[in-house]
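Good morning, colleagues. I should like to take a few minutes to go through one structure with you, beginning with a single residue and then moving outward to the whole chain.

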Amino acid sequence: MAGTGVFAEILDNDTGIYKFYTNGEWKISSSAKSVPIINPTTRNTHFNVQACTQEEVNKMIESAKVAQKLWAKTPLWRRAELLHKAAAILKEHKAPIAECLVKEIAKPAKDAVTEVVRSGDLVSYCAEEGVRILGEGKFLVSDSFPGNERTKYCLTSKIPLGVVLAIPPFNYPVNLAVSKLAPALISGNALVLKPPTQGAVAALHMMHCFHLAGFPKGLISCVTGKGSEIGDFLTMHPGVNCISFTGGDTGIAISKKAGMVPFQMELGGKDACIIIEDADLDLVAANIVKGGFSYSGQRCTAVKVVLVMESVADVVVEKVTAKVAKLTVGPPEDDCDITPVVTESSANFIEGLVMDAKQKGATFCHEYKREGNLIWPVLLDNVRPEMRIAWEEPFGPVLPVIRIKSVQEGINHCNASNFGLQGCVFTRDINKAILISDAMETGTVQINSAPARGPDHFPFQGVKDSGIGSQGITNSIDMMTKVKSTVINLPTPSYTMG
């Protein structure tokens with residue numbers, strides 16, 4: 001169970017409030033305040049975490065800067081060894097961490113376990129990849145540039161940035177935390193983790209696995225609290241040298257307020273699915289349902305709008321409608337396909353989009369039904385551009401279908417969005433697929449499959465309001481390092497004669 005066994009240390013038994021992690025210790029905040037975490041299924045408080053103060057953030061970052069200097073001198077093989085150890089501990093204790101995901105964010109039980117195991121695999125892969133990437137440098141000679149003799153040798157290597165601030169989202173609070181944590185550590189950085197409120201306890205359990213692995217004191221920290229009190233203070237802190245953020249509009253605000261530090265940001269999407277007449281329509285239907293409704297549509301890479309050619313629209317809608325009707329709806333403990341969305345405000349927002357579509361004439365392929373945070377899945381046909389659902393990201397089990405007269409109409413709709421994370425195209429003609437893919441203004445285009453983040457070593461990025469920079473293990477390591485050059489100047493030109 002959460003907060004017991006090896007995890008007993010992270011829970012204050014007197015108050016039932018989870019502690020925060022700093023300088024190698026689990027501590028109670030001096031604020032004497034806590035932040036409640038509401039179970040999306042029961043809508044009651046399930047956990048409480050510390051409401052940390054700005055002074056506690058200051059101390060974390062001070063400790064991180066000291067620890068990072070020593071960590072940067074730690075051999076690569078040793079860094080990798082500790083990461084492998086943390087990955088093994090994480091996977092060994094997948095059950096209590098998965099339990100937190102079920103209670104905090106209503107993730108189906110089986111998917112919750114999968115997230116933890118996937119996270120352990122990511123950490124191990126990152127350790128191996130980091131040893132290879134960071135173990136190599138470049139050697140340049142000056143006479144390759146016109147007008148120069150060979151009097152200079154340039155040696156380049158990748159060095160850490162310093163202190164990385166990592167802010168993952170609620171929907172993958174473990175996986176998208178370690179996707180920032182592991183690259184930062186293998187690269188020689190320190191890291192401060194600010195988990196989302198919903199998902200914070202799962203992240204604290206994950207952090208304890210890294211603590212048990214034996215990382216140096218002060219190198220990694222986990223701060224919990226209210227964004228209104230410590231959010232801007234963290235992102236604008238002069239001791240932070242890099243920010244990796246996954247979430248929504250907050251990222252745009254962060255990018256405007258933070259100083260001259262590297263950003264890695266993924267901020268959501270309105271992932272379009274373009275369906276051509278020659279597509280395998282059974283494959284299309286299966287992927288629309290999986291891509292649009294898994295984890296109740298609460299994924300940045302969920303299918304968010306279906307753009308289908310009119311000639312096959314009736315068949316596609318019929319096939320998808322039948323599959324959606326078979327989805328199970330209920331609590332995450334029962335491994336239902338559709339579980340409650342994360343907060344009541346999220347449910348209210350989704351309902352607002354649905355009601356707007358209803359008022360403007362969309363066709364409901366299923367009855368709209370809601371109980372608390374639980375929303376039954378709905379396919380909306382005959383959606384038109386004037387409806388909010390055509391453009392806004394619902395982050396819920398509601399999927400709009402727009403019938404198009406040409407492929408270009410579908411591309412135009414996709415590119416008119418302020419988002420540009422992923423998209424997908426279904427066709428048996430690879431030439432058409434490549435042309436459409438090239439025309440879509442998105443970070444990734446999937447051909448004959450729904451959008452997806454992963455495998456975790458694949459590049460993952462967005463354009464426009466969907467983000468800055470690129471994720472994926474290799475890209476994250478590159479982003480969390482900078483190039484250092486050392487130039488050796490020779491008194492006379494020197495050439496190897498062979």
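**A serine and its surroundings**

Serine 466 counts as buried, because its relative accessibility is 0%, and the threshold for that class is under 20%. Please bear in mind throughout that this is a predicted model.

Where does serine 466 lie? Its place is in the loop between strand E23, residues 460–461, and strand E24, residues 467–468. As for polar contacts, the side chain of serine 466 reaches the backbone nitrogen of glycine 420 at 2.8 Å. Glycine 420 also appears among the residues that serine 466 touches, once those up to four places away in sequence are set aside. That list comprises Met265, Glu266, Leu267, Gly268 and Gly269, together with Asn418, Phe419, Gly420 and Leu421.

Let me turn to a pair of helices. Helix H1, residues 54–71, packs against helix H7, residues 227–235, at an angle of about 30 degrees, and their axes are 10 Å apart. The crossing of H1 past H7 is right-handed. On the H1 side, Gln54, Val57 and Asn58 take part, and they meet Glu229, Ile230, Phe233 and Leu234 of H7. By class, these contact residues are four nonpolar, two polar and one charged.

Finally, the chain as a whole. The protein chain contains 14 helices and 26 strands. Its radius of gyration is 24 Å, close to the 23 Å given by the globule rule for 498 residues, so the chain is as compact as a globular protein of that length. Of those 498 residues, 56% count as buried. Among contacts between residues at least 6 apart in sequence, 72% join residues at least 24 apart.

Notes: Residues numbered from 1 in each chain as written. Predicted model: local features only at pLDDT ≥ 70, side-chain atom pairs only at ≥ 80, totals over all residues. Heavy atoms only, no water. Axes fitted to C-alpha atoms, helices over the stretch in contact; angles between N-to-C directions. Helix = DSSP H or I, 4+ residues; strand = E, 2+ residues; numbered from the N terminus. Left-handed = near helix turned anticlockwise from the far one by under 90°. Contact = heavy atoms within 4.5 Å. Nonpolar A, V, L, I, M, F, W, Y, C, P; charged D, E, K, R; others polar. Buried < 20%, exposed > 50% of the residue type's maximum accessible area, 1.4 Å probe, protein only. Polar contact = N/O pair within 3.5 Å; in protein donor to acceptor, adjacent residues only side chain to side chain. Rg over C-alpha atoms; globule rule 2.2 N^0.38 Å.
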